[in-house]
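Here are a few exercises to work through with the model open in your viewer. Try each task before reading its solution.

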Amino acid sequence: MKNNVIADSGQQDDTKEGLDNTSHPGMSGSDELVPSRYALRVGEIDVLVVSDGLLPIPAETIASNVDATVRTAWLDDMFLPPDMLDWPLNVVVVRSGGRTILVDAGLGADPDLHLPQAGRLALRLEAAGIDLASVTDVVLTHMHMDHIGGLLVDGMRNRLRPDLRVHLAAAEAEFWASPDFSRTSMPPGFPDALRSAAKRFLDEYRSELRLFKAECDVAPGVVVRRTGGHTPGHSVVRLASGADRLTFAGDAVFQVGFDRPDWHNGFEHYPEEAARVRVGLLRELAATREPLVATHLSFPSVCHVAVAGDAFRCVPAVWEY
Ligand SMILES: [Zn+2]
């Protein structure tokens with residue numbers, strides 16, 4: 001990490017979050033022992049990966065199109081529990097050309113779903129010295145609650161600036177007017193929670209929306225591009241500056257997606273298309289050797305993609321201290 005502006009401003013106030021830290025029950029008041037932000041640079045672009053926390057999901061969600069025995073064997077191989085998994089939730093802050101861009105917003109708070117380990121974003125931005133009023137743009141990879149919920153928590157809209165721009169694929173806004181869950185396989189309660197979060201988001205942020213069709217230049221070297229698949233308007237963010245590149249893949253890639261890119265994730269609304277998008281992106285990144293970050297890969301999720309026979313390998317990047 002090279003003297004990063006975002007990282008520098010983040011050193012000042014760990015204690016605030018430490019006082020309200022859920023990652024170590026019984027240790028409130030101590031400094032946070034597990035890091036929740038990671039800064040890197042992509043050429044002239046500053047990037048900060050921030051953890052919104054963890055989202056517990058039933059293991060069957062990772063593969064709706066394979067037998068339970070096959071899934072359980074994979075989980076066992078990966079030293080993962082057979083029943084409930086913790087999904088990491090990564091959000092990214094990007095600074096380029098004088099703009100501060102929040103890419104996705106975490107889960108927020110949904111009292112009905114009881115997910116106390118997620119929804120940490122606002123606290124963690126504050127602990128990183130990032131004032132919400134400094135955010136000029138929000139880019140949404142898609143409108144699932146674990147990506148927009150942070151915008152819906154009490155008081156959030158008022159802390160964001162009035163001239164905020166929210167970039168979203170037009171196809172995504174259109175989809176959520178009448179969403180199709182017929183191909184999904186989500187845990188109970190989720191479809192309703194997702195529907196209502198999407199509706200609230202469209203109601204509350206309609207006037208801030210900057211809808212794009214295929215892609216949109218958000219700031220110098222920052223492009224959001226629609227992929228479809230996971231949802232019809234699912235998009236990825238491509239960063240490019242000098243010779244450096246980084247892709248934020250949103251939900252195009254899950255942990256299992258490297259080994260088993262053809263397994264359908266229960267949150268995918270169009271699973272065959274989602275698998276096609278995943279394979280295309282992983283192939284491209286393996287060929288170009290460009291790094292990747294993604295929402296549900298283990299924090300901070302910075303990795304490279306390698307080809308492994310018919311599938312792929314995730315090669316974690318060495319942390320830059
Ligand atoms: Zn997600």
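**Exercise 1: a run of strands**

β9 and strand β10 (residues 235-241) pair in the antiparallel sense over five bridges. Strands here are DSSP runs of E with at least two residues, helices are runs of H or I with at least four, and both are numbered from the N terminus; two strands pair if DSSP finds at least two bridges between them. One note before going on: this is a predicted model, where local features need pLDDT of at least 70 and side-chain atom pairs count only at pLDDT 80 or more, while totals for chains, interfaces and linings use all residues. Residues are numbered from 1 along each chain as its sequence is written, and side-chain values use heavy atoms, with hydrogens and water left out.

Task: find what stands opposite valine 223 in β10, then work out how β8 and β9 are connected.

Solution.
- Step 1. Arginine 238 is the residue of β10 opposite valine 223.
- Step 2. On the β8 side, aspartate 217 faces valine 223 of β9.
- Step 3. β8 (residues 215-219) and β9 (residues 222-226) run antiparallel, with four bridges joining them.
- Step 4. Two residues separate β8 from β9 in a hairpin, and glycine 221 in the turn has a positive phi of about 80°.

**Exercise 2: the zinc site**

Task: which residues coordinate the zinc ion, and why is the arrangement called irregular?

Solution.
- Step 1. Collect the donors, meaning N, O and S atoms within 2.8 Å of the metal (3.2 Å for Na, K and Ca); water is not among the atoms, so sites may look incomplete.
- Step 2. That gives Asp146 (OD), His147 (NE2), Asp251 (OD) and His296 (NE2), at 2.1 to 2.2 Å.
- Step 3. Check the angles: they span 86 to 164° for the four donor atoms, so the arrangement is irregular. For four donors, tetrahedral needs all angles between 85 and 135 degrees, and square planar needs opposite donors over 155 degrees apart and all others between 65 and 115; six count as octahedral on the square planar criteria, and anything else is irregular.
- Step 4. Look at the spacing along the sequence, which reads D-H-x103-D-x44-H. Histidine 147 sits in helix α5 (residues 145-148) and histidine 296 in the loop between β12 (292-293) and β13 (303-308), so the pair ties together parts that are 149 residues apart in sequence.
- Step 5. Histidine 147 is buried at 0% relative accessibility, and histidine 296 is buried at 2%. The cut-offs are under 20% relative accessible area for buried, over 50% for exposed and partly exposed in between (1.4 Å probe, protein chains only).

**Exercise 3: two residues, two settings**

Task: is valine 42 buried or exposed, and what does serine 134 touch?

Solution.
- Step 1. Valine 42, in strand β1 (residues 37-42), is buried, with a relative accessible area of 2%.
- Step 2. Contact means heavy atoms within 4.5 Å. Not counting residues up to four places away in sequence, valine 42 touches residues including Val47, Leu239 and Leu246.
- Step 3. Serine 134 lies in the loop between α4 (121-127) and β5 (137-139) and is partly exposed, at 25% relative accessible area.
- Step 4. With neighbours within four places in sequence left aside, serine 134 is in contact with Arg95, Thr100 and Arg161.
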